[in-house]
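Please look over the chain shown below before reading the briefing. The points that follow are grouped by topic.

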Amino acid sequence: MKICGIIVEYNPFHNGHYHHIQRAREISQCDVLVAVMSGNFVQRGEPAIIDKWQRAKKAVEYGVDCVIELPYIYATQSASHFAKGAIDCLKLAQIDSLVFGSESNNLEELQEMADSCIHVDHLKESLHAGHSFPKSYGLLAKEMEPNDILGVAYLKELNNTAIKPYTIQRTVHYHDQMIHQQIASASAIRKAFFNHTNIQDTTPMTQELENSVCVQLKDFYPYLRTILLTSNPKELSNIFLFNEGIENHLINQAMHCATFEEFLNKSTTRRYTTSRIQRSCIQLLNRVTKDEVKNLPPLDTLRILAFNETGRNYLKFLSEKEIKVASKFAQIPEAYRKLEFRTTLLYTSQMDETKRDELIKKEIGGPQYIKSTTPQ
């Protein structure tokens with residue numbers, strides 16, 4: 001059984017993701033395509049625009065055989081930690097190959113960077129500081145793009161494994177905010193959706209988005225501001241990702257900023273990037289402490305969000321290999337289970353009681369079986 005892995009967020013699922021699925025199958029010639037997907041919060045430190053269950057369902061409808069949830073604590077961290085969690089999941093998933101999008105589409109140069117001693121989370125700072133890297137690495141002539149940085153992080157985690165990596169050309173810029181064609185970035189689609197612009201040609205999730213409560217980080221600002229202004233700085237310093245005195249910086253901005261947009265703009269500095277601010281705020285909102293993360297056990301269980309008939313047979317294969325698979329919420333290791341439930345409570349706090357109850361029931365339920373269909 002040839003198993004190919006992909007690492008995704010689907011925030012939301014769009015035409016470019018469908019292209020990725022098709023190319024991954026074509027390149028790897030796999031029997032099973034497995035996706036590791038962020039849950040209700042994503043790597044930029046934001047709530048996903050639409051819940052993980054609908055995103056996982058759409059992924060299976062469009063060609064993924066099994067969707068595995070990337071645990072919250074990895075999904076909301078910087079590139080190196082995000083990559084470690086995702087690749088650890090895919091190692092457990094017994095993949096033979098990994099296919100990821102890349103702006104450069106130059107695997108040889110990305111691998112050379114991965115083989116060097118650089119720390120991927122500090123790559124941009126190192127480049128700006130003039131540190132030397134392999135001369136053959138042509139990407140250093142310009143600023144490295146987000147998917148190439150993630151690619152280097154993936155490749156570092158794949159070193160000393162038999163998993164074969166492949167790249168595919170990313171067709172649009174990760175941060176591109178404009179919709180120019182049918183394949184647009186997730187950022188552009190989110191921006192267009194919240195601006196009430198037509199997105200129907202760019203994503204098969206248009207109807208789901210229109211019928212859902214779409215959560216934004218700014219929705220939580222009254223709560224976030226209250227926590228910052230009523231908490232002792234020493235208490236805040238125990239929150240995960242609160243380092244280098246960031247708690248004092250955030251308290252100061254919360255004191256003077258009436259809107260989240262102003263708060264984020266004034267909090268972002270040369271020292272603190274926007275993504276770092278957002279990821280830190282997400283940990284505070286979810287009350288995740290440094291000790292809690294330090295005491296998390298190594299990943300040894302896969303949580304399945306959705307699967308089709310091929311995925312069902314694949315899960316039997318994993319069972320025969322004695323890989324731990326959580327088909328019930330109670331089978332998730334307790335420390336991770338508590339985190340997932342707590343983050344679901346925050347995510348659903350902006351919804352009406354009916355939708356909130358629906359998502360909480362899904363959280364403590366089992367995975368979705370999705371009958372395979374051919375996308376139109």
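Which residues do ring pairs link into a cluster? The cluster consists of Tyr10, Phe13, Tyr18 and Tyr62. Rings of Phe, Tyr and Trp (its six-membered ring) pair if their centres lie within 6.5 Å; planes under 30 degrees apart are stacked, over 60 edge-to-face, and the rest tilted.

This is a predicted model, where local features need pLDDT of at least 70, side-chain atom pairs count only at pLDDT 80 or more, and totals for chains, interfaces and linings use all residues. Residues are numbered from 1 along each chain as its sequence is written, and side-chain values use heavy atoms, with hydrogens and water left out.

**Confidence and overall form**

- The average pLDDT (the predictor's confidence in each residue, from 0 to 100) is 92 for the chain, and 91% of the residues score at least 70.
- Residues 130-139 have pLDDT under 50, and the model gives them 20 contacts beyond four places in sequence; a contact means heavy atoms within 4.5 Å.
- The chain has 18 helices and 10 strands; these are DSSP runs numbered from the N terminus, with helices (H or I) of at least four residues and strands (E) of at least two.
- The radius of gyration is 20 Å, which agrees with the value near 21 Å for a compact globule of 376 residues. It is taken over C-alpha atoms, and the globule rule is 2.2 Å times the number of residues to the power 0.38.
- Of the contacts in the chain with a separation of 6 or more, 76% are between residues 24 or more positions apart.
- Buried residues make up 54% of the 376 residues; buried means under 20% relative accessible area, exposed over 50%, and partly exposed in between (1.4 Å probe, protein chains only).

**Helix α4**

- Helix α4 (residues 79-92) has 14 residues and reaches 20 Å from its first C-alpha to its last, close to the expected 20 Å. The expected span is 1.5 Å times one less than the number of residues.
- In α4, 11 of the 14 residues are buried, among them Phe82, Ile87 and Leu92.
- Gln94, just after α4, has a positive phi of about 65 degrees.

**Aromatic rings**

- The chain has 12 aromatic pairs by the rule above. One of them is Tyr314 with Phe317, which is stacked at 6.5 Å centre to centre and 25 degrees between the planes.
- Tyr314 and Phe317 both lie in helix α16 (residues 309-320), three residues apart, or about one turn of the helix. Both residues are buried.
- Arg312 lies over the face of Tyr369, 4.5 Å from the ring centre; the rule asks for NZ of Lys or CZ of Arg within 6 Å of the ring centre and within 35 degrees of the ring normal.

**Loops**

- Tyr10 is in the loop between β1 and α1 and has a positive phi near 55 degrees. Tyr10 counts as buried because its relative accessibility is 1%.
- Pro12 lies in the loop between β1 (3-8) and α1 (15-28), and a cis peptide bond with omega of about 0 degrees joins Asn11 to Pro12.
- His196 lies in the loop between α8 (186-194) and α9 (206-210), with a positive phi of about 60 degrees. His196 counts as exposed because its relative accessibility is 75%.

**Leu346**

- Leu346 is in helix α17 (residues 334-347) and is buried, with a relative accessible area of 7%.
- Beyond its neighbours within four places in sequence, Leu346 is in contact with Phe41, Phe220, Tyr223, Leu285 and Asn286.
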